[in-house]
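I'm opening my notebook on this one and writing down what I look up as I go. Here is what I had on screen.

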Amino acid sequence: MTTPASGADTAAGPDVAVAATAPSAEPVRRGDLLDAVAKRSAMRRSDLKLAMELVLEEVGRMLEDSDELVVPPLGKISVKKRVPRPGGDILTLKLKRTGGGGPGA
């Protein structure tokens with residue numbers, strides 16, 4: 001008996017779950033995040049854009065001042081390494097996700 005080259009199991013096999021959680025080859029951009037939030041919100045996209053810009057700016061400032069940021073449901077962000085550069089510091093971050101991560105989870 002031969003096995004499929006892809007390593008796929010039966011229709012409900014373990015590869016199904018792996019494929020569903022595998023990272024995308026394409027990076028998620030700010031606009032993609034904004035679109036995803038806009039689909040789940042009754043807010044105007046322009047208001048969401050302003051709120052998102054402010055939140056991301058504050059997260060950046062807080063990571064400049066602290067080595068740890070706890071933001072449920074995202075998780076706990078820890079700064080593992082800081083490398084000062086002329087255009088801005090390079091931070092190596094660790095993100096520890098806990099729980100289901102969504103509303104009501």
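**Entry 1: the outward side of H3.** I started with the side of helix H3 that faces away from its buried residues. Leu50, Glu64 and Asp65 are exposed there. I should jot down early that this is a predicted model, so everything here is computed.

**Entry 2: the inward side of H3.** Which residues of H3 are buried? I found Leu48, Met52 and Leu63. Looking down the axis of H3, I see its buried residues fall within an arc of 35°, so they line one face of the helix. My textbook reminder: an α-helix has 3.6 residues a turn, so residues three or four places apart point the same way.

**Entry 3: the span of H3.** H3 runs over residues 45-65, which makes 21 residues. From its first C-alpha to its last it reaches 30 Å, close to the 30 Å expected at 1.5 Å a residue.

**Entry 4: what H3 leans on.** What do the buried residues of H3 pack against? I got four partners: helix H2 (30-39), strand E1 (68-71), strand E2 (75-83) and strand E3 (90-96).

**Entry 5: stepping back to the chain.** I listed the elements next. The protein chain has 3 helices and 3 strands, and from the N terminus on they run α-α-α-β-β-β. The chain has 105 residues, and 10% of them count as buried. I also looked up contacts between residues at least 6 apart in sequence: 10% of these join residues at least 24 apart. The accessible surface of the chain comes to about 8700 Å², with 58% of that belonging to carbon and sulfur atoms.

**Entry 6: the sheet.** How are the strands ordered? The 3 strands form an open sheet in the order E1-E2-E3, with antiparallel pairing. E1 and E3 are the edge strands, since each pairs on one side only. On average, neighbouring strands of this sheet are turned by 25° against each other, direction ignored. H3 packs on the sheet and touches E1, E2 and E3. The direction of H3 makes about 60° with that of E2. A general note to self: strands of a sheet pair through backbone hydrogen bonds, either parallel or antiparallel.

**Entry 7: the two hairpins.** I took the strand pairs one by one. E1 and E2 pair in the antiparallel sense over 4 bridges, and they form a hairpin with 3 residues between them. In this pair, Glu68 stands opposite Ser78 in E2. Then I moved on to E2 and E3, which run antiparallel and are joined by 7 bridges. Here Arg82 stands opposite Leu91 in E3. E2 and E3 form a hairpin too, with 6 residues between them. Gly88 in that turn has a positive phi of about 140°.

**Entry 8: Ile77, close up.** Is Ile77, in strand E2, buried or exposed? The cut-off for buried is under 20% relative accessible area. Ile77 has 10% relative accessibility, so Ile77 counts as buried. Setting aside neighbours within four places in sequence, I listed what Ile77 is in contact with: Leu63, Asp67, Glu68, Leu69, Leu93, Lys94 and Leu95. Leu63 is one of the buried residues of H3 from my second entry. I also checked Ile77 against Arg97: they are 20 residues apart in sequence and 8.8 Å apart in space, C-alpha to C-alpha.

**Entry 9: Ser78, next door.** Ser78 is in strand E2 as well. I get 10% relative accessibility for Ser78, so Ser78 counts as buried. Leaving aside neighbours within four places in sequence, Ser78 is in contact with Asp67, Glu68, Thr92, Leu93 and Lys94. Glu68 is the residue I had already noted opposite Ser78.

**Entry 10: Asp35, over in H2.** My last stop was Asp35, in helix H2. How does Asp35 come out on exposure? Asp35 is partly exposed, because its relative accessible area is 34%. How far is Asp35 from Arg45? They sit 10 residues apart along the chain, and their C-alpha atoms are separated by 8.1 Å.

Conventions
Residues are numbered from 1 along each chain as its sequence is written. This is a predicted model: local features need pLDDT of at least 70, side-chain atom pairs count only at pLDDT 80 or more; totals for chains, interfaces and linings use all residues. Side-chain values use heavy atoms; hydrogens and water are left out. The expected span of a helix is 1.5 Å times one less than its number of residues. Buried means under 20% relative accessible area, exposed over 50%, partly exposed in between (1.4 Å probe, protein chains only). The arc is that of the directions from the helix axis to the C-beta atoms. Contact means heavy atoms within 4.5 Å. Accessible areas come from the Shrake-Rupley method with a 1.4 Å probe; for residues, only the protein chains shown count as cover. Two strands pair if DSSP finds at least two bridges between them. Axes are lines fitted to C-alpha atoms, for helices over the stretch in contact, and angles run from 0 to 180 degrees between N-to-C directions.
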